[in-house]
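Me: I've got a model open and I'd like to go through the labels one at a time. Can you show me how each one follows from its criterion?

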There are 2 protein chains.
Amino acid sequence: MSIQARRERERAERERAIIAAARDLAESEGWDAVTTRRLAAEIEYSQPVLYSHFKGKDAIMAAVAVEGSGDLAVELAAARAAATDPRQAVAGIATAYAAFAERRPALYDAIFNLPVALSFASQDTPVELARAFAELAETLRPFAGDDNLETFTETFWSGLHGLVTLMRNGRLRREEHERRLAILVDRFTRLG
Amino acid sequence: MSIQARRERERAERERAIIAAARDLAESEGWDAVTTRRLAAEIEYSQPVLYSHFKGKDAIMAAVAVEGSGDLAVELAAARAAATDPRQAVAGIATAYAAFAERRPALYDAIFNLPVALSFASQDTPVELARAFAELAETLRPFAGDDNLETFTETFWSGLHGLVTLMRNGRLRREEHERRLAILVDRFTRLG
DNA sequence: CAGATTGGCTAGCGGTGCTAGAGTTCCGGT
DNA sequence: ACCGGAACTCTAGCACCGCTAGCCAATCTG
């Protein structure tokens, strides 16, 4: 039975290798450079092996996205924990969010932009994504007022998402980035 | 000389046909269906003809985006003109913006999402896009407060953009859409 | 040790964006 | 009126893409 165990272990290892290779390649050269052929070469197996682990390229990207959203959740949690007062917590988590998107654009794309079947607003939301969202929600709780917290959080989050995506695509003046973040935070932390 | 004139006219006509075919195909079947071969078949010319008009597929998409942003500007202007008071103007233009993105997702993608060389925040911004932005800015002017109007507008616009893109990708609960819009408008129309 | 099963491989399909070079049509000067 | 040359469009093909069928070797089972 231990032979089977070894095989399963090796198989799991290879699966992690595929995800890691896809992530690294995407982060260093963009998702266009992530082709099944290059991925196969990277893990030193032939192309069809990928399809015994994942249904297709989209599934690989989805796996990368799930892994990446775990990183995002960790960074958001750290930012929230480091804050001293509620308002500064919002500013901190917003900065952390934007920094993540800026530092790891390919990963951010996989999580939020690419038309990957990672439905967020439903049962099969990956737990990592739910955690990242929960960090945002807890940070915003003091400022939601009469609004439903989840809806309020979605709106603030959309603001962050819009800021980072529009800036990355060259639609916003980069030098005003921090000021825009400040405006967003200011507008969502007014009481009453 | 009139022969040359006729040729130039026909050439311009064909160029418009290419853009129209790309737009229609994208809107009815998505950008993935817009291939150079199908486009060529649609205009009843061979593939290489496309490249005598545009540098490549990206340039065609950019042309569609420019045309589309004219439509967006018109709809935003109409929404602003129809409003009776400043706060309702913001709500109206926000609704119009979201409706445009919802009704014409492929066009919206071409304008704002696709990594197309349509740099917005620079000199070569298409005049149509600048007009759409100006409509937003004028509507928001009464509420900018101490913030720079352009920066304030960029932030609000990012909020709209985030709402529509995240919802379209299934990351937001569709049934809460109007409530989120209301929250965004509310937060950006508070005075003092 | 023979047979069955598993699993990775080679090769190939139909598609993509794009381009080289052939061929045709039409214009302008003699 | 004609012919050389320019302008233009086409056919054919390149290198790549995601994905899969079917072979073949290694391994496990009786």
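Reply: Sure. Let's begin with how the copies are compared: they are superposed by least squares on the C-alpha atoms of residues with pLDDT of at least 70 in both. That pLDDT cut-off is there since this is a predicted model.

Me: What makes the relation between chain A and chain B that of a two-fold axis?

Reply: Two copies of a chain are related by a rotation about an axis and a shift along it. Here chain A goes onto chain B with a rotation of 180 degrees and 0.0 Å of shift along the axis, at an RMSD of 0.1 Å. That is the relation of a two-fold axis, so the name follows.

Me: How do you know that the same surface serves both copies?

Reply: Of the contact residues of chain A, 100% recur in chain B. The contact itself involves 31 residues of chain A and 31 residues of chain B, where a pair counts if the C-beta atoms lie within 7 Å.

Me: Which helices of chain A supply at least two residues each to the side that touches chain B?

Reply: α8 (149-168) and α9 (177-188) do. α8(A) gives the most, with 12 residues. By class, that side of chain A has 12 nonpolar, 10 polar and nine charged residues.

Me: Why is A:E44 called exposed?

Reply: Exposed means 12 or fewer other C-beta atoms within 10 Å. A:E44 has 9, so it is exposed. B:E44 has 10 C-beta neighbours inside 10 Å, so it counts as exposed too.

Me: What is notable about phi of A:E44?

Reply: Phi of A:E44 is positive, about 60 degrees, although the residue is not a glycine. A:E44 lies in the loop between α2 and α3 of chain A. Over in chain B, B:E44 also has a positive phi, near 60 degrees, and its place is in the loop between α2 and α3 of that chain.

Me: Why is A:A17 called partly exposed?

Reply: A residue is buried with 20 or more neighbours and exposed with 12 or fewer. A:A17 has 16 other C-beta atoms within 10 Å, so it falls in between and is partly exposed. A:A17 belongs to helix α1 (residues 2-29) of chain A. A:A17 and A:I43 are 26 residues apart in sequence but 6.6 Å apart in space, C-alpha to C-alpha.

Me: What makes a residue count as near DNA strand D?

Reply: Its C-beta atom has to lie within 6 Å of the strand. On that basis 17 residues surround DNA strand D, and the closest are A:T35, A:T36, A:G56, A:K57 and B:S46. Two or more residues come from each of α2 (36-43) and α3 (47-53) of chain A and α3 (47-53) of chain B. α3(B) gives the most, with four residues.

Me: Which residues are closest to DNA strand C?

Reply: A:S46, A:P48, B:T35, B:G56 and B:K57, out of 17 that surround the strand. α3(A) has the largest share of this surface, four residues. The surface near DNA strand C divides into six nonpolar, seven polar and four charged residues.

Me: How many residues are in the largest nonpolar core?

Reply: There are 103, and B:A94 is among those with the most contacts inside the core. Leaving out residues up to four places away in sequence, B:A94 touches B:L160, B:L181, B:L184 and B:V185.

Methods
Residues numbered from 1 in each chain as written. Chains lettered and ligands numbered in written order. Predicted model: local features only at pLDDT ≥ 70, side-chain atom pairs only at ≥ 80, totals over all residues. Contact = placed C-beta atoms within 7 Å. Nonpolar A, V, L, I, M, F, W, Y, C, P; charged D, E, K, R; others polar. Core = buried A, V, L, I, M, F, W, Y, C linked by C-beta atoms within 7 Å.
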